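Hello,

Here is the structure I promised to pass on to you. Have a look at it first, and then read on for what turned up.

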Amino acid sequence: MRLLFLGDVVGRPGRSAVTRLLPGLRQAWALDCVIINGENAAGGFGLTEAICDDLLGAGADVVTLGNHSFDQREALVFIERQPRLLRPVNFPPGTPGRGVTMVETATGARVLVANVMGRLFMDALDDPFAAMERVVGECPLGLGADAIVVDVHAEATSEKQAMGHFLDGRVSIVVGTHTHVPTADARLLPGGTAYQSDAGMCGDYQSILGMQHEEAVRRFVQKTPGARLEPATGEGTITGLAVETDDRTGLAVKVSAVSIGPHLAEIRPAFWEKA
Ligand SMILES: [Fe+2]
Ligand SMILES: [Fe+2]
């Protein structure tokens, strides 16, 4: 199976890049399943139902979230009626929405997607490792699902690497989100799980994490209240992770970072590019 994961979509540059590039990539790379983190898609903060529909319409099968899940209050309502939208599974009991979903690909394969949030330098949530132990226990790879993709939304690379090794051999992909900076460590872990500490963002990289740099810099220089942070407005770059899994085991066999856009070195999965 061919899977593509794209990092946090930030504002209009991120949305435009995804809607412009994804339909062509989905076809050219014959993708079976696409997962996108959309937690910053609405003006940098959260996700609206219309934007969620745009990402799904552009070719995403599942949209994941993170600490910005409910910045747009409407998400508290529409997440309940959108089974392809996930917030972290380890949010407190009673939180609207769900943290795990199963989607079926065009060929009938079952892909389980989970969103889980780390705790280092972030809000204190339920144990993300115990939460993921329950998820893979209830739906083991190869039995309950043909592929399992885990978006670990966390600040610390150590915590994300720990989740990678914790789930190695039990899921197809563990990919980090939240820092908005892609890491150069896409690889196969020893047990056969594809791993990258952070997928980066889909957004304007001439910015600070996708937001206009002027106000973001000012906040470091002058510790006084100022203007609202607004997304940068230049052309967006999309970054993430491309993974091919073995149809029998569900584990990863090929992995590559992906980066397409004006500001970062271009990276395309050589194993899917036609010669
Ligand atoms: Fe983010
Ligand atoms: Fe985040």
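**Around His180**

A good place to start is the side chain of His180, which makes a polar contact of 2.9 Å with the side chain of Asn40. Please keep in mind that this is a predicted model.

The side chain of His180 also has a polar contact with that of Asp8, at 3.0 Å. If you look beyond the neighbours within four places in sequence, His180 is in contact with several further residues, including Val10, Glu39, Tyr205 and Leu209. His180 has a relative accessibility of 8%, under the 20% limit, so it counts as buried. Asp8 is buried too, with a relative accessible area of 0%.

What coordinates the iron ion (ligand 1)? Asp8 (OD), Glu39 (OE), Asn40 (OD1) and His180 (NE2) do, at 2.1 to 2.2 Å. The angles among these four donor atoms run from 86 to 167 degrees, and the site is irregular. Along the chain, the donors follow the spacing D-x30-E-N-x139-H. Asp8 belongs to strand E2 (residues 8-9), while His180 sits in the loop between strand E9 (173-177) and strand E10 (187-188), so the pair ties together parts that are 172 residues apart in sequence.

There is a second metal to find as well: the iron ion (ligand 2) is 3.4 Å from the iron ion (ligand 1), and Glu39 coordinates both.

Enjoy exploring, and best wishes

Key:
Residues numbered from 1 in each chain as written. Chains lettered and ligands numbered in written order. Predicted model: local features only at pLDDT ≥ 70, side-chain atom pairs only at ≥ 80, totals over all residues. Heavy atoms only, no water. Donors = N, O, S within 2.8 Å, 3.2 Å for Na, K, Ca; no water. Tetrahedral: all angles 85-135°; square planar, octahedral: opposite > 155°, others 65-115°. Helix = DSSP H or I, 4+ residues; strand = E, 2+ residues; numbered from the N terminus. Buried < 20%, exposed > 50% of the residue type's maximum accessible area, 1.4 Å probe, protein only. Polar contact = N/O pair within 3.5 Å; in protein donor to acceptor, adjacent residues only side chain to side chain. Contact = heavy atoms within 4.5 Å.
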